[in-house]
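Here are my notes on this model, as numbered points. Please read them with the structure open.

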Amino acid sequence: MKLSRCKPLSAVIGLVMLLLLPAQASASVPYRGYTWNSLGEDVRSINGYMYADSIDGVYMPTGPFNAPEDIFIANDDTIYLVDTGNSRIIHMNADLRVLRIIGDAEGPGRLNEPKGVFVKTDGTVFAADTKNQRIAVFDRDGKFVKELKAPSSPLLGKDFAYSPSKLIVDKRDYLFVVSDGNTQGLMQIDQKGEFRGFFGANHIGFSLKRLLIRLVATKEQKEQISAEKPLSFSNVYQDRDGAVYTTTLGSDVNQIKRLSPVGVDTLNTSDKKYGDIIDLGPFDVPSFIDITVNHEGLMTALDLQTGKVFQYDKLGNLLFVFGGIGNQDGLFTTPSSVDQSSDGTVYVVDKGRNRIDRFRSTPFADLVHRASALYVNGRYAEAEALWKQVIHLNSNFDMAYRALGKALYRTERYKEAMEYFKLARSKTDYSAAFREYRKEFAREHFNVLFGGMLLLYAFYKWVVPRLRKRMKKKWDKPYAGNAAMAREGDAG
């Protein structure tokens, strides 16, 4: 994603295309572009991604895909597809030419319904060989190297069921494995297959209902409550900087996390809800099953429940939503995985339709991405012109108002910043801008304000007392006359 300035002519052409885009998009895609504003309302927005095409293997040497579960796009843009139903991993180049099939027909390299894959920069392939309860390792040419079987440790317990489904490998060559049904966090396994502990587990949050039940529950009921376990991770992803991202099914908040080297969530400082933020019932809890992060920190996450793809910037601000459940191109039946190539193309694996769907960004999305990249890196002034273009094209884009407010705030144009923060309905930012504007106003008008204060002081110090005395004399004189007349009457 380049941040260079557009030439005037290309900018004009781009704007014309953007203005024409909403009409074109509504006629060619089966989903409505929208975003969430600061009031928690879904408002219309220009679509950020358009359906491009699908890959199903029918006319490829591999033959049709069968219930694919996972996709991994390497740094060289080659594609690794976990073709679960056919118990193989298909390696293709960016032009969709099949390079090799990973997984032997017989012997120790034979896979049994794998669900996940991770590829190191040197081409080493790690497959989560789920039904074989192991991690199978292949070299860059697809030759089987070794297997990492189910680890054993007192920390796992004797009844622990090892079912690896997703994984990453960090710079130390430690594996971080999602094991289906495991609620204790990611499993850390070294290259020898030794278990090194759990990492970044979800936690059971505070529940008033649970607390009240404890107060009146029987011993058996309390034991049942104490047996409640945290939710397990559904997927794991590692960006180019080594940061670990996780997704969680069935959670109301913090369904997406960015974990520090010690397993602490650094993305969510407080409870944050991802996905559609209005629930229509108990079955509408967002169920994120995969996430991918590009080199600018853009997070693109896939929700199984709605079949939608939600894209967030590095700070967790929602940018775009696309996809949905359905049989039309651009919709999914059972989405299972998402990844992104270096040119920004989003690949979504639809397990239910045995294919990969590709989506390309629109000119509007490219504009927002450039502005967002500058914004999240604190380069607000440089992003100002881009955000103004965004607002011109889509006045519902609340993030643009806030970003412009930030740019104006950084350049000490506090009064203008207040106007944009008000449009963005950002109370905290508005208060900060107002506080600085008040200080600035006081500095600029110090002489007038100080002189006015002196005049007020003099007025209350000398003028007001004299006025009080005069008013008192004025009011006391009639009363004095009446009192004299009264005394004369008494004497008569």
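1. Start with Q311. This residue sits in strand β21, which spans residues 308–312. The model is predicted, not experimental, so read each point below in that light. Q311 has a relative accessible area of 0%. Because the cut-off for buried is under 20%, Q311 counts as buried.

2. What does the side chain of Q311 pair with in a polar contact? The partner is the side chain of Y49, and the contact is 2.9 Å. Y49 also appears in the list of residues that Q311 touches, which leaves out residues up to four places away in sequence. The others on that list are L298, M299 and T300, then N317, L318, L319 and F320, and finally H369.

3. Next, a loop residue. T124 lies between β8 (116–119) and β9 (125–129). Is T124 buried or exposed? Its relative accessibility is 18%, so T124 counts as buried. The cut-off matters here, because buried means under 20%.

4. The side chain of T124 makes a polar contact of 2.9 Å with the side chain of D122. Setting aside residues up to four places away in sequence, T124 touches F118 and V119. V137 and F138 are touched as well.

5. Now the helix pair. Two packed helices are described by the angle between their axes and the distance between the axes. For α5 (residues 380–393) and α6 (residues 398–410), the angle is about 150° and the axes are 9 Å apart. The crossing of α5 past α6 is left-handed.

6. Which residues make this contact? From α5 come Y380, A381, E384, W387, K388, V390 and I391. From α6 come M399, A400, Y401, A403, L404, K406, A407, L408 and R410. By class, the contact has 12 nonpolar and four charged residues, with no polar ones.

7. Q389 belongs to helix α5. Its relative accessible area is 25%, so Q389 is partly exposed. Between the C-alpha atoms of Q389 and A400 the separation is 9.3 Å, and the two residues are 11 apart along the chain. A400 is one of the α6 residues in the helix contact.

8. R402 is in helix α6. With 32% relative accessibility, R402 counts as partly exposed. The range for that class runs between the buried limit, under 20%, and the exposed limit, over 50%.

9. Where does the side chain of R402 make a polar contact? It meets the side chain of D429 at 2.7 Å. R402 touches D429 along with Y375, F421, A424 and S426, again not counting residues up to four places away in sequence. A417 is 15 residues from R402 in sequence, and their C-alpha atoms are 8.6 Å apart.

10. Finally, the whole chain. How many helices and strands does it have? There are nine helices and 25 strands. Of the 492 residues, 47% are buried. Take contacts between residues at least 6 apart in sequence: 46% of these join residues at least 24 apart. The chain exposes about 26400 Å², and carbon and sulfur atoms supply 54% of that area.

How values were computed
Residues numbered from 1 in each chain as written. Predicted model: local features only at pLDDT ≥ 70, side-chain atom pairs only at ≥ 80, totals over all residues. Heavy atoms only, no water. Axes fitted to C-alpha atoms, helices over the stretch in contact; angles between N-to-C directions. Helix = DSSP H or I, 4+ residues; strand = E, 2+ residues; numbered from the N terminus. Left-handed = near helix turned anticlockwise from the far one by under 90°. Contact = heavy atoms within 4.5 Å. Nonpolar A, V, L, I, M, F, W, Y, C, P; charged D, E, K, R; others polar. Buried < 20%, exposed > 50% of the residue type's maximum accessible area, 1.4 Å probe, protein only. Polar contact = N/O pair within 3.5 Å; in protein donor to acceptor, adjacent residues only side chain to side chain. Areas by Shrake-Rupley, 256 points an atom, 1.4 Å probe, with all protein chains shown as cover.
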